[in-house]
Amino acid sequence: MIEVLVLVALGSPIVGGLVAWRLDVRRATRVALAATALATIAALSLVWMAFDRGPIVAAGGVVRIDGLSAWLL
């Protein structure tokens, strides 16, 4: 679950930007807003879990989110 949230938080703006690049202005704005909203929801979910449960470790220790990391997110 945590790995999926990290991938969505990091990947959706990248994919959204690549898709929006090829679209006209009106559609690109919608795609960018959707990608940003998706990334924000995933990041805030990770922050909530870090504040609720304490440090989060995922992907064999590659991803570690503690209180300070949560504030930075």
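Here are four short exercises on the structure above, which is a predicted model.

**Exercise 1. Lay out the fold**

Work out how many helices and strands the protein has, and in what order the elements run.

*Solution.* Start with the count: there are 3 helices and 2 strands. Next, walk along the chain from the N terminus, and you'll read α-α-β-β-α. Some of these can be pinned to residue numbers: helix 1 covers 2–21, helix 2 covers 25–53 and strand 1 covers 56–58. Strand 2 takes in residues 63–65.

**Exercise 2. Judge the overall shape**

Compare the radius of gyration of the protein with that of a compact globule of 73 residues.

*Solution.* First, get the reference value: a compact globule of 73 residues would come out near 11 Å. Now take the protein itself, which has 14 Å. Then check the box around the C-alpha atoms: along the principal axes it is roughly 45 × 20 × 20 Å. To round this off, look at burial and surface. Of the 73 residues, 29% count as buried. The accessible surface is about 5,400 Å², and carbon and sulfur atoms hold 69% of that.

**Exercise 3. Find the core**

Find which residues have the most contacts inside the largest nonpolar core, and which element gives the largest share of this core.

*Solution.* Begin with a rule of thumb: nonpolar side chains tend to be buried together in soluble globular proteins. Here, the largest nonpolar core has 14 residues, and Ile2, Leu46, Met49, Ile56 and Ile65 have the most contacts inside it. Sort by element next: helix 1, helix 2 and strand 1 each give two or more residues. Helix 2 supplies the largest share, with 6 residues. Now zoom in on Met49: skipping its neighbours within four places in sequence, Met49 touches Ile2, Leu5, Gly54 and Ile56. For a chain-wide view, take the contacts with a separation of 6 or more: 46% of them join residues 24 or more positions apart.

**Exercise 4. Place Arg64**

Decide whether Arg64 is buried or exposed, and list its contacts beyond its neighbours within four places in sequence.

*Solution.* Locate the residue first: Arg64 is in strand 2. Its relative accessible area is 51%. The cut-off for exposed is over 50%, so Arg64 counts as exposed. Even so, Arg64 has partners: leaving out those close neighbours in sequence, they are Pro55, Ile56, Val57 and Ser69. For a distance check, go C-alpha to C-alpha from Arg64 to Ala50: the two are 14 residues apart in sequence and 9.6 Å apart in space. Finally, step back to the charges of the whole protein: the mean positions of the 6 positive and 4 negative ones lie 14 Å apart.

Terms used
Residues are numbered from 1 along each chain as its sequence is written. This is a predicted model: local features need pLDDT of at least 70, side-chain atom pairs count only at pLDDT 80 or more; totals for chains, interfaces and linings use all residues. Side-chain values use heavy atoms; hydrogens and water are left out. Helices (H or I, at least four residues) and strands (E, at least two) are DSSP runs, numbered from the N terminus. The radius of gyration is taken over C-alpha atoms; the globule rule is 2.2 Å times the number of residues to the power 0.38. Buried means under 20% relative accessible area, exposed over 50%, partly exposed in between (1.4 Å probe, protein chains only). Contact means heavy atoms within 4.5 Å. Accessible areas come from the Shrake-Rupley method with a 1.4 Å probe; for residues, only the protein chains shown count as cover. Lys and Arg count as positive and Asp and Glu as negative; His and the chain ends are not counted. The place of a charge is taken as NZ of Lys, CZ of Arg, CG of Asp or CD of Glu. A nonpolar core is a set of buried Ala, Val, Leu, Ile, Met, Phe, Trp, Tyr and Cys residues joined through side-chain atoms within 4.5 Å.
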